[in-house]
Amino acid sequence: MAKLSDARISAYAVLAISFIVSLIAFSTPYWLASDRRHYGATFDKLGLWETCFRSMKDPYDFQFFRYYTGCRWIFSYEYSDGNINLREFLLPAFFVATQTLYTLGFVFLLLAVIGVLAIQLCFVVDKEMYAMRVLSIIMFLSALFCTTACIIFGIKGDDRDWMPDPEHNYLSWSFALAVVGVFFQWMASILFWVENRILYKKELKKQNSFDMEQTATKS
């Protein structure tokens with residue numbers, strides 16, 4: 001296999017960092033958290049797929065019989081048990097949009113990682129220029145979806161009408177990692193496009209040299 005260019009090595013490295021950081025953000029419950037110095041808080045922390053409460057009263061239980069403590073999967077049956085559906089409270093439209101968009105972005109990111117592994121392990125060398133272009137487009141879509149998700153959650157995640165004790169809640173480190181991951185996704189998209197242009201110029205130079213040789217032979 002030919003020696004990799006600096007642009008491709010950088011693209012692979014940035015892609016790896018982006019995948020690791022985004023995977024941690026995707027799977028950890030620290031997108032929104034409560035200040036632990038506030039002992040009376042009922043909310044603890046929240047991720048895309050998990051919620052943690054200290055002792056939160058069900059906002060739809062006006063008889064004060066039902067409280068939630070500990071961490072649960074956000075789609076747990078306990079959040080929609082009986083006539084009371086807490087899931088409607090936990091999943092407002094903006095949060096569903098955040099989950100959907102970030103998941104789509106992460107799927108595209110995973111496809112990019114699989115594509116890189118296929119290129120390096122399967123030795124696909126005849127279509128490298130097109131592969132770099134496709135990887136650049138995939139990373140662009142990943143960055144676009146994840147950026148939109150982060151913007152939505154950044155604006156609405158700490159909304160006063162959502163989680164209890166909003167004055168003591170803050171956007172936590174999982175959300176920060178998601179933002180960092182978005183930055184590296186944009187970088188990877190740009191670097192894959194740069195590599196595509198490098199390969200295009202090499203192919204063009206090779207074609208021009210071949211045409212010149214053909215012309216010289218005919219002469």
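**Fold order.** I read the secondary structure along the sequence and noted the pattern α-β-β-β-β-α-α-α-β-α. The count comes to five helices and five strands. I am working on a predicted model, and I keep that in mind for every entry below.

**Whole-protein totals.** I looked up burial next: of the 219 residues in the protein, 42% are buried. The accessible surface is about 12,100 Å². Carbon and sulfur atoms account for 66% of that surface. I then checked contacts between residues at least 6 apart in sequence, and found that 66% of them join residues at least 24 apart.

**Aromatic pairs.** I searched the whole structure for aromatic pairs and got 21. I followed up two of them, beginning with Tyr12 and Phe192. Their ring centres are 6.2 Å apart and the planes stand at 55°, so I logged this pair as tilted. An angle of 55° falls between the limits of under 30 degrees for stacked and over 60 for edge-to-face.

Which helices hold the two rings of this pair? Tyr12 sits in helix α1, residues 6-27, and Phe192 in helix α5, residues 173-218. The pair therefore ties together parts that are 180 residues apart in sequence. I checked burial for both residues: Tyr12 is buried, and Phe192 is buried too.

The other pair I looked up is Phe26 with Phe106. Here the ring centres lie 4.7 Å apart with the planes at 5°, so the pair is stacked. Phe26 belongs to helix α1, while Phe106 belongs to helix α3, residues 93-121. I noted that this pair links parts 80 residues apart in sequence.

Are Phe26 and Phe106 buried or exposed? Phe26 has a relative accessible area of 17%, which puts it among the buried residues, since the cut-off is under 20%. Phe106 has 9% relative accessibility and also counts as buried.

**Nonpolar surface patch.** I looked for nonpolar side chains at the surface and recorded a patch of about 320 Å². Which residues make this patch? They are Val107, Leu110, Leu111 and Ile114. I took Leu110 as the residue to check individually. Leu110 lies in helix α3, the helix that also carries Phe106. Its relative accessible area is 35%, so I entered Leu110 as partly exposed. That value is over the 30% required of a patch residue.

**Note on helix α3.** My entries for this helix now include Phe106, which is buried and stacked with Phe26, and Leu110, which is partly exposed and belongs to the nonpolar patch.

Key: Residues numbered from 1 in each chain as written. Predicted model: local features only at pLDDT ≥ 70, side-chain atom pairs only at ≥ 80, totals over all residues. Heavy atoms only, no water. Phe/Tyr/Trp six-rings, centres within 6.5 Å; stacked < 30°, edge-to-face > 60°. Helix = DSSP H or I, 4+ residues; strand = E, 2+ residues; numbered from the N terminus. Buried < 20%, exposed > 50% of the residue type's maximum accessible area, 1.4 Å probe, protein only. Patch = residues over 30% accessible without salt bridge, like charges linked within 9 Å, V, L, I, M, F, W, Y side chains within 5 Å. Areas by Shrake-Rupley, 256 points an atom, 1.4 Å probe, with all protein chains shown as cover. Salt bridge = Lys/Arg side-chain N within 4 Å of Asp/Glu carboxyl O. Contact = heavy atoms within 4.5 Å.
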